[in-house]
Amino acid sequence: MSERKYAYYPGCPSGTTAMEQDMSMKAVFEKLGIELEEMEDWNCCGAAEVEDPEIVYALNARNLAIAEKQGLNIVTPCSICYYNLSRSNIALKGDEELRARVRSIDASLTYNGGVEVKHVLDVLVNDIGVEELSSKVEKKVEAKVAPYYGCYIGRPPETAFDDPDAPGLMDRLIELTGGEVVPYNYTKTKCCGGPLMMTRQDIAFEMARKVLEEAKNAGADCIALACPLCGIMLDAKQPDIEEAFGIEIGMPVLYITQLLGLALGIDSGKLGLDKNIVDTKDIIGKVV
């Protein structure tokens, strides 16, 4: 399949809480000359709420079948969508009886195992490559950045495209933009608390507070991430966390595609940098 064109699975947050991630991914891929063909009539991957694996497999069999008809591999900017699509793909490809059970539910779930699922970080670093990306860089983002991977990209190891314990692909992208990666290894794969937000907000806030304060203590000007649930916890919920603990954090949180887009010379408005909750103007001011 073509590595210059992908079936685009934006995920549910792309039209609501993570519009800036969707905008910046499309802008970056357009700049790089990589075509994204959004999957027609895609459905939710099950997110972090569906517990029954067979329901997750059925939900994602339909998405995989849509991409298979397009003749394209899937790319998604969302770490949870990647987790669900990828683990479903592995399960369905390796189990004919499972494919038959899923197919028996509805004909639209007929999937023959002909698609690969990619996360945006995987495509940028491993498919497009650092050398090509470096040739397109027009500006430097002279910021100190904490790379936050979260817990869905590297778990389980069967779906990981980076070192599950010590991922480094986002670090390489930050360095490519001219940014400085701050010491953050202990925290960058910790959970942000997002899955607990609806049931134990107190624990979720405490987990997110630690991620934010570790970045601040490391001297970061901002956090870079690639997961919309982490984006909610660390950016959108940051004012609530400050109020709950009586502290001031003031840590800008950017999607890695926003940071890369600035280095590629893309206008900040096209990258959705006016949609982040914590003000990003100080980071935009570090673009030279």
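A residue counts as buried when its relative accessible area is under 20%, as exposed when that area is over 50%, and as partly exposed in between. These words will recur at several stops of this tour. The structure on display is a predicted model.

**First stop: the pair Arg-103 and Glu-96**

Please select Arg-103 and Glu-96. Their side chains meet in a salt bridge, with N and O 3.5 Å apart. Arg-103 has a relative accessible area of 31%, so this residue is partly exposed. Glu-96 also counts as partly exposed, because its relative accessibility is 42%.

**Second stop: helices α2 and α4**

Next, select residues 53-70, which form helix α2, and residues 96-105, which form helix α4. The two helices pack at an angle of about 70 degrees, and their axes lie 10 Å apart. Angles of 65 to 115 degrees count as roughly perpendicular, and α2 is therefore roughly perpendicular to α4. The crossing of α2 past α4 is right-handed.

Which residues of α2 and α4 meet here? On the α2 side they are Glu-54, Tyr-57, Ala-58 and Ala-61. On the α4 side they are Leu-98, Arg-101, Val-102 and Ile-105. Sorted by class, the residues of this contact are 6 nonpolar and 2 charged, with no polar ones.

**Third stop: helices α2 and α3**

Keep α2 selected and add residues 79-93, helix α3. The axes of α2 and α3 come within 9 Å and cross at roughly 90 degrees. This angle makes α2 roughly perpendicular to α3.

In α2, the residues to display are Val-56, Tyr-57, Asn-60, Ala-61, Asn-63 and Leu-64. They meet Asn-84, Leu-85, Arg-87, Ser-88, Asn-89, Ala-91 and Leu-92 of α3. The contact of α2 with α3 comprises 7 nonpolar, 5 polar and 1 charged residues. Tyr-57 and Ala-61 of α2 deserve a second look: they take part in the contact with α4 and also in the contact with α3.

**Fourth stop: two loops**

Move to Asp-41, in the loop between strand β2 (35-38) and α2. Most residues other than glycine have a negative phi. In Asp-41, however, phi is positive, near 60 degrees. Asp-41 counts as exposed because its relative accessibility is 55%.

Now select Ala-107, in the loop between α4 and β4 (117-119). With a relative accessibility of 65%, Ala-107 counts as exposed. To place this loop within the whole model, select Val-287 as well: 180 residues separate Ala-107 from Val-287 along the chain, and their C-alpha atoms are 51 Å apart.

**Fifth stop: Lys-118 and Asp-127**

Is the pair Lys-118 and Asp-127 buried or exposed? Both residues are buried. Their side chains meet in a salt bridge, with an N to O distance of 3.2 Å. In the structure as a whole, a search finds 19 salt bridges.

**Sixth stop: helix α7 and its network**

Select residues 201-217, helix α7. Within α7, Glu-206 and Arg-209 are 3 residues apart, about one turn of the helix. These two form a salt bridge whose closest N and O atoms are 2.6 Å apart. Glu-206 is partly exposed, because its relative accessible area is 24%. Arg-209, at 17%, counts as buried. Salt bridges with shared partners join Glu-206, Arg-209, Lys-210 and Glu-213 into one network.

**Seventh stop: helices α7 and α9**

With α7 still selected, add helix α9, residues 238-245. The axes of α7 and α9 come within 10 Å and cross at roughly 105 degrees. The helices α7 and α9 are therefore roughly perpendicular. From α7, the contact involves Phe-205, Glu-206, Ala-208, Arg-209 and Leu-212. From α9, the participants are Gln-238, Asp-240, Ile-241, Ala-244 and Phe-245. By class, this contact of α7 with α9 holds 6 nonpolar, 1 polar and 3 charged residues. Glu-206 and Arg-209, joined by a salt bridge, both belong to this contact.

**Last stop: helix α10**

Finally, select residues 256-263, helix α10. How many of the residues of α10 are buried? The count is 8 of 8, and the helix is mostly covered. The buried residues are Ile-256, Thr-257, Gln-258, Leu-259, Leu-260, Gly-261, Leu-262 and Ala-263. Just after α10, Gly-265 has a positive phi of about 85 degrees.

Definitions and conventions:
Residues numbered from 1 in each chain as written. Predicted model: local features only at pLDDT ≥ 70, side-chain atom pairs only at ≥ 80, totals over all residues. Heavy atoms only, no water. Axes fitted to C-alpha atoms, helices over the stretch in contact; angles between N-to-C directions. Helix = DSSP H or I, 4+ residues; strand = E, 2+ residues; numbered from the N terminus. Parallel < 35°, antiparallel > 145°, perpendicular 65-115°, else oblique. Left-handed = near helix turned anticlockwise from the far one by under 90°. Contact = heavy atoms within 4.5 Å. Nonpolar A, V, L, I, M, F, W, Y, C, P; charged D, E, K, R; others polar. Salt bridge = Lys/Arg side-chain N within 4 Å of Asp/Glu carboxyl O. Buried < 20%, exposed > 50% of the residue type's maximum accessible area, 1.4 Å probe, protein only.
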